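Morning, everyone. Please pull up the sequence and the model on your screens. I'll keep this short.

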Amino acid sequence: MRNLVLILGDQLSEDLSALAGFDPALDLVLMVEVRAEAIYVNKHRQKIAFVLAAMRHFAVTLREHGFPVDYVHFEDEGNCGDFTGELRRAVARHKPQRVIVTEPGEWRVLDLMRNWQSDLDLPVLIRADDRFLCSREAFAAWAQDRKLFRMEHFYREMRKRTGLLMEDGKPAGGAWNFDTENRKALPKGKRAPPRLRFAPDAITREVIDLVDRHFSQHFGDLEPFGWAVTRAGALDALAHFLSECLPEFGDYQDAMKAGEPFLYHSIISPYLNVGLLTAREVCNAAVAEWVAGRAPINAVEGFVRQILGWREYVRGLYFHLMPRYRQSNHLAAGRPLPWFFWSGETEMNCVASTVRDTRQHAYAHHIQRLMITGNFALLAGLNPPEVEAWYLGVYIDAFEWVELPNVHGMALFADGGVLASKPYAASGAYIDRMSDYCGACRYDPRVKTGPSACPFNFLYWNFHIANRDKLGSNQRLAMVYRNLDRMAEEHRNAVVADAAEFLAKLDQPTPAPSQGELF
């Protein structure tokens, strides 16, 4: 054998760089299901099932298209449960001249890959992942000599480079960014369209049963399972979003509603992040809707910005700053993750609802992640590694390259402003304005202190008081600190006292049922 080509679970693309130059007569694809990749964080059971089912379907597609595949199933005899061990076994079976891989999406796995050549005493070629619109090298060139990395600057450069939403060298619609038009709350009584879901076929059903047998202690509801696990299904999901949701996506992309985790969002991020869809085709499809007059510019630009802007940006930032990036803790946050991040057992209805959505679907949209759970983690000073492990585990679309910068930099401000120009902190007033959570909550967002006060209110001001030495000079927070300085001393003392009492209760250990009983 000439080349043994290892394909990982988030590399399910036939145009993967590792497959370039593949000769079915000389080369072999290797795919492995390994326990280590399911347990290094507490992964949602739907996430495990999604990746394994998509892998199995992709192997079928490869074989149909003439690629020979050696596929190691989870329960195969001798499966040693990790990438290195399974690669070593495959090398012993097939005796290739060389191993070829595409670089992974997690630094942890890249470290493994870099040791394989010496471990196996065999040439190992790690090829760049060219499925992104901005290469690591191009991002490094853009980031060179910058101390701060602002997404908006990167996004405009990518618009020019790709030509997406550009007209004669200028931004389509006359502006680079229509974000100010995309902050509407969902009107009372308005319902988002039902979303396209996919019934499990025989292969997926086998995987669901496997996950039920082996991962009953993991977080999350395993069923109902409605995710696409093939490229054809992912394309159907994209088409459904474009026709049914994109026209109103812009207006309501920041809105939240209890029991509605999807609203008008695309929910194609899992398919993008495992390789069933490509960033270019998704952006082109959205732009085509605007050109045809079927979707307004604010919706299409907002959607393109999520992919061409944020997605490409955080991936570039991750590889540019790792591995040191995750080590920062600018605000010295260290409070343990509260149990209600797993159980949802809290009287804060917004947090309980978001955790419930997450448990049921392995999904919550970006404002729930940033302004509910992320906002609470920021204001309460939760320990960044614990928060990051939670996000990495519970969301079906979370891989470290996309999760870590969003959580570490955007939600927690743990990088001290490398990514975001200020902390994304908000009080109960924002949550009340953008959602219907507060109407069914035991706390009142209009009350600032006392037993009925929304905890986000006193935690918000306490956060700025406690971190003034690190945040007080930030010009974007000048108004916040002017308002704080005008605050009556009695009210200020009440804020600090209420926050101290709340956080002290948060610190008390909560007797919890076993994960199996709860999850």
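I'll go through a sheet, its helices, a helix pair, and then the empty spaces.

First, a caution. This is a predicted model. Keep that in mind throughout.

Start with the sheet. It is open and has five strands. Read across it and the order is β3-β2-β1-β4-β5. The pairing is parallel. In general, strands of a sheet pair through backbone hydrogen bonds, either parallel or antiparallel.

Which strands sit at the edges? They are β3, residues 69-72, and β5, residues 124-127. Each of these pairs on one side only. The sheet is not flat in its strand directions: neighbouring strands are turned by 25° against each other on average, direction ignored.

Now zoom in on one pair. Strand β2 covers residues 28-32. β2 pairs with β3 in the parallel sense, over four bridges. Want a landmark? Find Val29, whose bridge partner in β3 is Val69.

Next, the helices on this sheet. Helix α3, residues 83-94, lies across β1, β2, β3 and β4. Here β1 is 3-6 and β4 is 98-102. α3 runs at about 145° to β2. Then there is helix α4, residues 107-120. α4 lies across β1, β4 and β5, and runs at about 155° to β5.

On to a helix pair. Two packed helices are described by the angle between their axes and the distance between the axes. Take helix α5, residues 136-143, and helix α12, residues 297-321. They pack at an angle of about 80°, and their axes are 9 Å apart. α5 and α12 are therefore roughly perpendicular to each other. Who makes the contact? From α5 it is Arg136, Phe139, Ala140, Trp142 and Ala143. From α12 it is Tyr313, Arg315, Gly316, Leu317, Phe319 and His320. Sort this contact by class and you get seven nonpolar, two polar and two charged residues.

Now the empty spaces. How many cavities of 30 Å³ or more are there? The count comes to four.

The largest cavity has a volume of about 380 Å³. It has 23 lining residues, and the closest to its centre are Gly9, Glu37, Lys43, Val51 and Phe83. Three elements give two or more residues to this lining: α1 (36-39), α2 (45-64) and α4. You met α4 on the sheet, lying across β1, β4 and β5. The most comes from α2, with five residues. By class, the lining of the largest cavity has 14 nonpolar, two polar and seven charged residues.

The second largest cavity holds about 180 Å³ of space. Its lining has 20 residues, with Asp10, Asp129, Arg131, Phe132 and Asn273 closest to the centre. α10 (269-274) and α12 each supply at least two of the lining residues. Here α12 gives the most, with three. The classes are seven nonpolar, six polar and seven charged.

Last stop, a pocket. The second largest pocket has a volume of about 660 Å³. Of its 26 lining residues, Tyr443, Glu501, Phe502, Lys505 and Leu506 lie nearest its centre. Which element gives the largest share of this lining? It is α22, with six residues. α22 spans 489-507, and α13 (340-343) and α19 (455-466) also supply at least two residues each. By class, this lining has 14 nonpolar, five polar and seven charged residues.

That's my tour. Over to you.

Notes
Residues numbered from 1 in each chain as written. Predicted model: local features only at pLDDT ≥ 70, side-chain atom pairs only at ≥ 80, totals over all residues. Heavy atoms only, no water. Pairing = 2+ DSSP bridges. Axes fitted to C-alpha atoms, helices over the stretch in contact; angles between N-to-C directions. Contact = heavy atoms within 4.5 Å. Parallel < 35°, antiparallel > 145°, perpendicular 65-115°, else oblique. Nonpolar A, V, L, I, M, F, W, Y, C, P; charged D, E, K, R; others polar. 1 Å grid on protein atoms, 1.4 Å probe; cavity = no way out; pocket = protein on both sides within 12 Å on 5 of 7 lines; lining within 4 Å. Points joined across faces, edges and corners; volume = space filled by probe spheres on them.
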